[in-house]
Amino acid sequence: MIPAFAIVGYKKTGKTTLIENLIRELSFRGYRVGTVKHDGHEFECDHPHTDTWRMRQAGASVVVIASRSKWVLQDFQGSPSLENILTHIKGVDLVLVEGWKHSELPKIVLLHPKEDIFKNEALVNVRAIAAPNDLVHLAPPGIQRYDRDDIRGLADCIIQAIHPA
């Protein structure tokens, strides 16, 4: 399976922005990067009356739409596990996962100034925290601390986790 690394934190901590920056940095270093994003709001990528929408309305359990340059698989057979989702990703060197804070994946935790994620959540396999400099003191002892803007350092942390020496 392709190595995966999670970026987790509460809302508005900068997860997507950090992932965008990490994709740029890792791509610059020659890595092909895939992403998976957890959505707690039941997103909809089909629109009423399109062909794929009509196929789903007719009862299809899985709908795929494909063009020459991309494809999307929609599986309506229950809540997918992260492990199952990751098996569908091919052709990349690593996958950055936004969310799934309770997964076993190695992870970077983004801190929020008003909510202490370490007091509220049972997180495992935390490799580092990323936060504005004034919040890094909130990290538990023994966890690497990075400024949220230290993209090179955070990319190094990910590479070390997926390719241990």
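This passage walks through a helix, two nonpolar cores, a strand and the salt bridges of a predicted model.

A good place to begin is helix 1, which runs over residues 15-28. Its 14 residues reach 20 Å from the first C-alpha to the last, close to the 20 Å expected at 1.5 Å a residue. Six positions are listed as buried here: Lys 15, Leu 18, Ile 19, Leu 22, Glu 25 and Leu 26. These residues lie on the same side of helix 1, because they cover an arc of only 130° around the axis. The spacing fits a familiar pattern: an α-helix has 3.6 residues a turn, so residues three or four places apart point the same way. On the face turned away from the buried side, helix 1 carries the exposed residues Arg 24 and Phe 28.

The cover over the buried residues of helix 1 draws on several elements. It includes strand 1 (4-9), strand 2 (33-37) and strand 5 (94-98), and also strand 6 (107-110), strand 7 (126-131) and helix 5 (151-162). After helix 1 comes Gly 30, which has a positive phi, near 100°.

Glu 25, in helix 1, deserves a closer look. With a relative accessibility of 15%, Glu 25 counts as buried, because the limit for that class is under 20%. Not counting residues up to four places away in sequence, Glu 25 touches Ile 151, Arg 152 and Ala 155. Glu 25 also forms a salt bridge with Arg 29, in which the closest N and O atoms are 2.8 Å apart. Arg 29, at a relative accessible area of 30%, is partly exposed. The pair belongs to a wider arrangement, for Glu 25, Arg 29 and Asp 156 are linked in a network of salt bridges.

Turning to the interior, the largest nonpolar core has 24 residues. Which of its members touch the most others? They are Val 36, Leu 86, Ile 89, Val 95, Val 97, Val 109 and Ile 129. At least two residues of this core come from each of strand 1, helix 3 (82-87), strand 5 and strand 7. For Leu 86, leaving aside neighbours within four places in sequence, the contacts are Met 1, Ala 4, Val 36, Val 95 and Val 97. Apart from this core lies another, of 23 residues, with Phe 5, Leu 18, Tyr 31 and Ile 108 among them. Leu 18 was met above as one of the buried residues of helix 1.

Strand 4 (residues 71-75) offers two consecutive positions to consider, beginning with Gln 74. Gln 74 has a relative accessible area of 10% and is buried. The side chains of Gln 74 and Asp 46 are joined by a polar contact of 3.3 Å. Beyond the neighbours within four places in sequence, Gln 74 is in contact with Cys 45, Asp 46, Ser 61, Val 62 and Val 63.

Asp 75 also lies in strand 4, and at 40% relative accessibility this residue is partly exposed. When residues up to four places away in sequence are not counted, Asp 75 touches Ser 61 and Val 62. Asp 75 and Ser 61 are 14 residues apart along the chain, and their C-alpha atoms are separated by 6.3 Å. The side chain of Asp 75 also reaches the backbone nitrogen of Gln 77, at 2.9 Å.

Finally, the salt bridges come to a count of five. One of them joins the side chains of Arg 32 and Asp 93, at 2.9 Å from N to O. This pair links distant parts of the chain, 61 residues apart: Arg 32 sits in the loop between helix 1 and strand 2, and Asp 93 in the loop between helix 3 and strand 5. Both partners are partly exposed, with a relative accessible area of 46% for Arg 32 and 26% for Asp 93.

A salt bridge within one helix is found between the side chains of Arg 54 and Asp 51, at 3.8 Å from N to O. The two residues both lie in helix 2 (residues 51-57), three residues apart, about one turn of the helix. Arg 54, at 52% relative accessibility, counts as exposed, and so does Asp 51, at 53%.

Notes: Residues are numbered from 1 along each chain as its sequence is written. This is a predicted model: local features need pLDDT of at least 70, side-chain atom pairs count only at pLDDT 80 or more; totals for chains, interfaces and linings use all residues. Side-chain values use heavy atoms; hydrogens and water are left out. Helices (H or I, at least four residues) and strands (E, at least two) are DSSP runs, numbered from the N terminus. The expected span of a helix is 1.5 Å times one less than its number of residues. Buried means under 20% relative accessible area, exposed over 50%, partly exposed in between (1.4 Å probe, protein chains only). The arc is that of the directions from the helix axis to the C-beta atoms. Contact means heavy atoms within 4.5 Å. A polar contact is a pair of N or O atoms within 3.5 Å; within protein, one must be able to donate a hydrogen and the other to accept it, and residues adjacent in sequence count only if both atoms are side-chain atoms. A nonpolar core is a set of buried Ala, Val, Leu, Ile, Met, Phe, Trp, Tyr and Cys residues joined through side-chain atoms within 4.5 Å. A salt bridge is a side-chain nitrogen of Lys or Arg within 4 Å of a carboxyl oxygen of Asp or Glu.
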